[in-house]
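Work through the exercises below with the structure in view. Try each task before reading its solution.

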Amino acid sequence: MTTIRREVLTLPAAPLGPDNPLPPLRPLDEAHRIDERDRAGLPRDMARQVGYEPLRSLLPAPVRDGYGRVREPREFDALVIENDRLRATVLPALGGRVTSLFHKPTDRELLYVNPVLQPANFALNGAWFSGGIEWNIGATGHTTLSCSPVHAARVPAPDGGEMLRLWEWERLRDLPFQVDLWLPRDSDFLHVGVRVRNPHERPVPTYWWSNIAVPEDRRVLAPADEAWLFGYERRLRRVPVPTHDGADRTYPRNSAYAADWFYEVPDGRRRWIAALDEHGHGLVQTSTDVLRGRKLFVWGTGPGGRRWQEWLTEPGTGGYCEIQAGLARTQLEHVKLEAESEVSWLEAYGPLDADPEGEWHTVLRGAEDRLEAVLPRTGVDAAYEAWRPHADAEPGERLATGSGWGALEVLRAGWKLPGTPFEEATLGDEQRPWLHLLHAGSLPEPDPGAPPGATLVARPWRDMLETTAATPVAEYHLGVAQWHEGDRAQAVRSWERGLKNAAARWPLLRCLAVADQEDGHHERAADRYAEAFDDLCARVPDGAEGSPRVSGASGTSGASGGGEAGAREALPGSGGETSWTAATAALGGEAIGALLAVGRTADARAVWERLAPSVRARGRFRLTEAALLAAEGRRAEARAVFDEGFEVADLREGDEIIGRLWARLADEPLPARHDFRMRPDGD
């Protein structure tokens, strides 16, 4: 019989640190944007879904950029699902990631298991880590829940045993979802039932991709003769499979640069993807037909791809690629989920033994025949039908607790969501001001000078903010909600009204500074940033970490930390030392960038001089220092910063800022340790 038990997994891990307390007002920095030249040739349904409400803002999710690169042994609560054939290990505090899938009869690990936990800037909101099976919901990219806890509990399984249910509230699209994992008796396959619900009275764009990390010394098989190729030059084109540009691209090491290969699986064909080693052993994933898309992601053999591989794990460990499955052909698309409806499917993960070498169609037939022998397609469909009545089963023993945002939404709307209870007991400090608004009609004042806390931007919350007392904190949150909805003029008016009576002016000034930048008023933005930072510095308690070193104009550190502070011992807005550090670092970093953009290097230097030593030592701010020195004409000193070495912990996927600055300082090639380029030169 299947068992579910608790374990403790110890890994060398970098702490996540605090979230960035500044609301993400700028347009989403997401690499997966299609070049407009490529839209005309797309199939009609694909073109429609590519254009269907792509995500343009991270709100209400916070940016998670407080992590560093100093790893120490750390314990993580794990949930282990096991029968006599398979053992799956799940990390509920990290998005419900399946970190290992071990096949006991053959003594083989089926996944790529990362030996460390190193956050990096790949999730939509920042922190993400590589390895295992991840559940991506929300919008194009890695989910904002990559490094966040989810709810977990035991639930009766279709075969009379028990299964592990994971569930949460996805905040970007305001959708509840669940992932049910179980191992049927004597099965070599982990079964996964997934359901996404839309409780709203309007359609909602929906996105799902299950991402599976496997060692890259594999051949990847999927039942397709064509694929949609998308690289970091942002071009989408239809190419043949398996051979393209003279190389068989189903071998991940045959690609020089990072790329997505979205396989065009014909209608009616069984949905599956596998990664097999040279001996024909490996992992297969298959599903019911609703999960139509299949994809291979490769890092490539170029210096940038290899550097990223090292960055995400320990040097010397084997590289990996990802095989994936999603609701649409590509990750550039979103699917319409009609009002008060749901979408669900079943996935299965297990070992596959088949010959990977030879002519493509012969190899596919052999692998598909072998899959049919060990897990018939009709068996997957039957397992799905058997699971559906259990999707509403109420959870039993709680094994992990997620966020309180689902509980808040259920209280607001009165929704009934059988199988995924969002209980009031999960409400916490982040939800408390909004609970007060819901019940009392007003927002409580935050602690003086502390970061103002999370903002909710959905229309029902905006409506409540528009009718509550026009206090500075209410005007701040109302402005953020209006900005998110595209009503920018109204947002600026709300922030300006709030500023008139605000004791703590910096949150409102910062919002107005961003608005100025977006409207092209860069000098005024720089003025407001400097004023905002001065106001914040005046409010940091004496002796608190992050307090300014000297008095004067301008600020502290950069928004994208990389700090080596401890784990999340103090949440933004809690008034703890870590929240002050996060606030001064985030606002100061933005202020430096705004001042440099208008050539005010002396003011930017004044900001830099006030940084706490621990902040200035972070890699992000070492890069800022080099940029500042270059702007001052001190090129040799800027070059010396590179020579001394630094690591920008939160370097964004596809960001080429390091290379651009290096090109201003030196004629030599970019040093390998700084080469994260994910596309060919010149593209």
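**Exercise 1. Find the bridge partner of Arg154 in strand 10.**

Solution. This is a predicted model. Start with the two strands. Strand 9 covers residues 151-156, and strand 10 covers residues 162-170. They run antiparallel, and six bridges join them. Now look across from Arg154: its bridge partner in strand 10 is Leu164.

**Exercise 2. Place strands 9 and 10 in their sheet, and find which strands stand at the edges.**

Solution. Step one: write down the strand order. It is 15-21-22-26-12-11-10-9-27, nine strands in an open sheet. The pairing is antiparallel. Step two: go to the edges. Strand 15 (219-221) and strand 27 (398-400) stand there. Each has a single partner strand, so one side of each is left without a neighbour in the sheet. Step three: check the twist. Neighbouring strands are turned by 20° against each other on average, direction ignored.

**Exercise 3. Identify the strands touched by helix 3 and those that helix 4 lies across.**

Solution. Take helix 3 (residues 360-374) to begin with. Helix 3 packs on the sheet and touches strand 15, strand 21 (272-276), strand 22 (281-287) and strand 26 (341-353). Its direction makes about 70° with that of strand 15. Next take helix 4 (residues 377-387). Helix 4 lies across strand 10, strand 11 (175-182), strand 12 (190-198), strand 22 and strand 26. Relative to strand 26, helix 4 runs at about 135°.

**Exercise 4. Describe how helix 8 and helix 9 pack.**

Solution. Two packed helices are described by the angle between their axes and the distance between the axes. Get both values. The axes of helix 8 (residues 472-484) and helix 9 (residues 488-500) come within 8 Å and cross at roughly 165°. Angles over 145 degrees count as roughly antiparallel. Helix 8 and helix 9 are therefore roughly antiparallel to each other. The crossing is left-handed. Now list contact residues. Helix 8 brings, among others, Tyr476, Leu478 and Trp483. Helix 9 brings residues including Ala491, Trp495 and Arg497. Sort the contact by class: seven residues are nonpolar, five polar and three charged.

**Exercise 5. Do the same for helix 16 and helix 17.**

Solution. Helix 16 spans residues 635-644 and helix 17 spans residues 657-665. They pack at an angle of about 135°, with their axes 10 Å apart. The two helices are therefore oblique to each other. Helix 16 passes helix 17 in a left-handed crossing. On one side of the contact are Arg635, Ala638, Arg639 and Phe642 of helix 16. Facing them are Ile658, Leu661, Trp662, Arg664 and Leu665 of helix 17. The class count is six nonpolar, no polar and three charged residues.

**Exercise 6. Locate the cis peptide bonds at Pro60 and Pro242, and the positive phi of Glu53.**

Solution. Begin with Leu59 to Pro60: this peptide bond is cis, with omega near 10°. Pro60 is in the loop between helix 1 (44-50) and strand 2 (72-82). Glu53 is also in the loop between helix 1 and strand 2. Its phi is near 45°. Finish with Val241 and Pro242, joined by a cis peptide bond with omega about 10°. Pro242 is in the loop between strand 17 (236-240) and strand 18 (243-244).

**Exercise 7. Find where the pLDDT is below 50.**

Solution. Begin with the whole protein. Its average pLDDT is 91, and 93% of the residues score at least 70. Then find the exception: over residues 549-577 the pLDDT is below 50. Beyond near neighbours in sequence, this stretch has 109 contacts in the model. Where pLDDT is low, the predicted coordinates should not be read in detail.

Conventions
Residues are numbered from 1 along each chain as its sequence is written. This is a predicted model: local features need pLDDT of at least 70, side-chain atom pairs count only at pLDDT 80 or more; totals for chains, interfaces and linings use all residues. Side-chain values use heavy atoms; hydrogens and water are left out. Two strands pair if DSSP finds at least two bridges between them. Helices (H or I, at least four residues) and strands (E, at least two) are DSSP runs, numbered from the N terminus. Axes are lines fitted to C-alpha atoms, for helices over the stretch in contact, and angles run from 0 to 180 degrees between N-to-C directions. Contact means heavy atoms within 4.5 Å. Angles under 35 degrees count as roughly parallel, over 145 as roughly antiparallel, 65 to 115 as roughly perpendicular and the rest as oblique. A crossing is left-handed if the near helix is turned anticlockwise from the far one by less than a right angle, and right-handed if clockwise. Ala, Val, Leu, Ile, Met, Phe, Trp, Tyr, Cys and Pro count as nonpolar, Asp, Glu, Lys and Arg as charged, and the others, Gly among them, as polar. pLDDT is the predictor's confidence in each residue, from 0 to 100.
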